[in-house]
Amino acid sequence: MNDFYQKVSDVLAKIVKDEYDIDLALPFWELPPKQEYGDLSSMVTLKLAAKVKKYPLDIAAKIKTLLEKRLKGEVDKIDILKPGFINLFISKDTLINSLNTLLKEKDVFFRQKLKKKVILEFVSANPTGPLSIPHGRQAIVGDVIGNILEFLGNDVEREYYLNDEGRQIDLLVESVEAWLNTPEGSNVLIPEGGYNGGYVKDIADEISANKEWVKNKETFDLRGEILNYTISLIKKDLESLGVEFSNWFSQRKLIKDKKVEAAISYLQKKGLIYEEEGALWFASTKFGDDKDRVIKKKDGELTYFASDIAYHKDKIDRGANQLINLWGPDHHGYIERVKSSIKAQGLSADILKIVIIQLVNIKTKERMSRRKGTAVLLSDLVNDVGKDAARFYYLVRKNSSHLEFDLDLAKEASFNNPLYYIQYACARIESIFTKAAVCDRYNTKYSKFLKEDEEMGLLRVLLQFSYCLDSAYHSLEPVFIIEYLKNLAAVLHKFYEKRRVLVDDENVTGARLNLLESTKIVIHCGLRLLGIEPVKKM
RNA sequence: GCGCCCGUAGCUCAAUUGGAUAGAGCGUUUGGCUACGGACCAGAAGGCUGUGGGUUCAAAUCCUACCGGGCGCGCCA
């Protein structure tokens, strides 16, 4: 399909060039909103009409005859519709050939070799306690974006930026100290803005049982122990969701290694740092920011932004040519600031893509106060609904949409989860394979016997997986894969109701088994990109 | 006050980024297994896309003014 799409695009581009001497930008073809309009649809006619001052329908008619000549055999027919759509119907031969290639190549059929070196940073929640449900969204979306990038042949590093330095950690340490210093039975006084989740007491308990601590409280690395504990909590939460980071990047180490100082002096040499009111400023307005930003406060402390400049510089120094950060909506004002620091290095700001993941609202009839720690923990969710259903829930909305997480629905009515609609398709396919008891489940010699509408319709949808991947990749929106899989499952269920696979005619059975096998390849491929294991039974 | 996101069926959301008759799921409702798994399929009802104006062949989408909701605007992290 990729090959075919490439060819059709090239042919159309050449026609436009030859006939009108115009170079148009891609894309030339899109998927029509409905099957009845064809397999591919083009609107170049309208763009041309504006330039050459002719009626779009006349242009379409001309292009149509030229396309028909050059795509003979590969295309069944070409339609022209209202204001100037050129709709193309792929021929049966092309579809069958693609099916056979897909069967042989399996998911390699859809892969690409983009070969970018990407550093994908996500979650990066402060290591001050376990993750809550909203954090899970970034974890899953980031993980799936990583899978998609890798599938298309990029080299991806999944990175968690640890804010293990600064005020929030101080507060956590003070909160634990409050527990440690309070005699059993008395009221614990948590400092203003401190942490009071149940885990804080757990940490205190663990430390007071530590021999080193009992032996010498002065030399004990209290801060380090506390961080170890909270980081392990986070890792456990992520693990239960099937998310693994290849790199945990410590802000503390960044500072200790003098990389922040180095980044500042780098900018200083470029004349972008100045002193005012006792503080050091970065002239970010030169690169599009609204105002200059402080990087070293007058008390001599570095700001968080200073670390961030150094951090992003470090990523680029490590050889990445594409940086992707997932941030919450509260950081949108921060985007220009960081981009300006990248431009200050003489690089294009496009190297950094920021994906804003909108908020998660939790809807539940139960009062939230059922737990002392206010937020609903991610680990509770995973315990209640399981890894796969939780992952799926997180992916059903576009990144920019608010996600309403209905806890009661997630727990009680898991049948309503569309994931099971997709899994059911897998189960039905497996069930037929079992019953058919065939060793090799496909044999390309049978493919040519496909002819029914339901068969060809399913085949068309299978090949559209390329477009699905393309749009998910360019928009960094995993939801496209979900939408595609739901559609594919629906088409499979329709096929299943209407056409029986195991029939007396060996040719028909063989052809339909091929179709099922290829459907299985695509659904499995899609589910694995989502980090969800396809089922055989349910 | 400034900036960003949002307002679409009773509910939760789509609409290929300006395209074709605004579509799905849940809920309501009518049908369908002596055939590969009924967690499925076929159908029905449900809409002035928050409101008014504008831009063009074409607007849920862009511009503008209101109405209503969410978030952000530190020498915090």
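**View 1. The largest nonpolar core of this predicted model.** A nonpolar core here means buried Ala, Val, Leu, Ile, Met, Phe, Trp, Tyr and Cys residues joined through C-beta atoms within 7 Å. A residue is called buried if 20 or more other C-beta atoms lie within 10 Å of its own, exposed if 12 or fewer, and partly exposed in between, with C-beta atoms placed from the backbone. The largest core has 124 residues, and Ile 481 and Leu 488 touch the most other members. Helix 21 (residues 506-529) chips in with the largest share, 11 residues. Helices (H or I, at least four residues) and strands (E, at least two) are DSSP runs, numbered from the N terminus. Apart from this core lies another one of 11 residues, including Val 173, Val 176, Tyr 195 and Ile 226. Zoom in on Ile 481 and, setting aside residues up to four places away in sequence, you'll find it touching Cys 468, Ala 472, Gly 526, Leu 529 and Leu 530. Contact means C-beta atoms, placed from the backbone, within 7 Å.

A quick word on conventions: residues are numbered from 1 along each chain as its sequence is written, while chains are lettered from A and ligands numbered from 1 in the order in which they are written. As this is a predicted model, local features need pLDDT of at least 70, side-chain atom pairs count only at pLDDT 80 or more, and totals for chains, interfaces and linings use all residues.

**View 2. The buried side of helix 19.** Phe 465, Cys 468, Leu 469 and Ala 472 are the buried residues to look for in helix 19. They sit on the same side of the helix, because they cover an arc of only 95° around the axis. That arc is taken from the directions from the helix axis to the C-beta atoms. As for partners, the buried residues of helix 19 pack against helix 5 (133-151), helix 18 (453-463), helix 20 and helix 21. Just after helix 19 comes Leu 476, with a positive phi near 55°.

**View 3. Two loop residues with positive phi, Ser 124 and Lys 258.** Most residues other than glycine have a negative phi. Ser 124 goes the other way, with phi near 45°, and is found in the loop between strand 4 (117-121) and helix 5. Lys 258 also has a positive phi, about 65°, in the loop between helix 10 (251-256) and helix 11 (259-269). Their surroundings tell two stories: Ser 124 counts as buried because it has 22 C-beta neighbours inside 10 Å, whereas Lys 258 counts as exposed because it has 11.

**View 4. The surface near RNA strand B.** Near means that a residue's C-beta atom, placed from the backbone, lies within 6 Å of the strand. There are 62 residues around RNA strand B, and Pro 33, Ser 41, Gly 166, Ser 401 and Ser 431 come nearest. Strand 3 (85-90), helix 6 (167-181), helix 17 (418-436), helix 19 (465-475) and helix 20 (479-498) each supply at least two residues. Helix 17 gives the most, with eight residues. By type, the surface splits into 25 nonpolar, 19 polar and 18 charged residues. Ala, Val, Leu, Ile, Met, Phe, Trp, Tyr, Cys and Pro count as nonpolar, Asp, Glu, Lys and Arg as charged, and the others, Gly among them, as polar.

**View 5. Where domain 2 touches domain 3.** Chain A is divided into domain 1 (2-90), domain 2 (96-113 + 417-529) and domain 3 (122-244 + 358-414), with bounds that come from an automatic or database domain assignment. The C-alpha centres of domain 2 and domain 3 lie 39 Å apart. The contact takes 14 residues from domain 2 and 17 residues from domain 3. On the domain 2 side, helix 19 and helix 20 are the elements that give two or more residues, and helix 19 has the largest share, three residues. That side comes out as nine nonpolar, two polar and three charged residues.

**View 6. Val 156 in strand 5 (residues 155-162).** Val 156 is buried, with 21 other C-beta atoms within 10 Å. Leaving aside neighbours within four places in sequence, Val 156 is in contact with Val 118, Leu 120, Gly 146, Leu 149 and Glu 150. Thr 94 is 62 residues away along the chain, and its C-alpha atom is separated from that of Val 156 by 34 Å.

Notes: Two residues are in contact if their C-beta atoms, placed from the backbone, lie within 7 Å.
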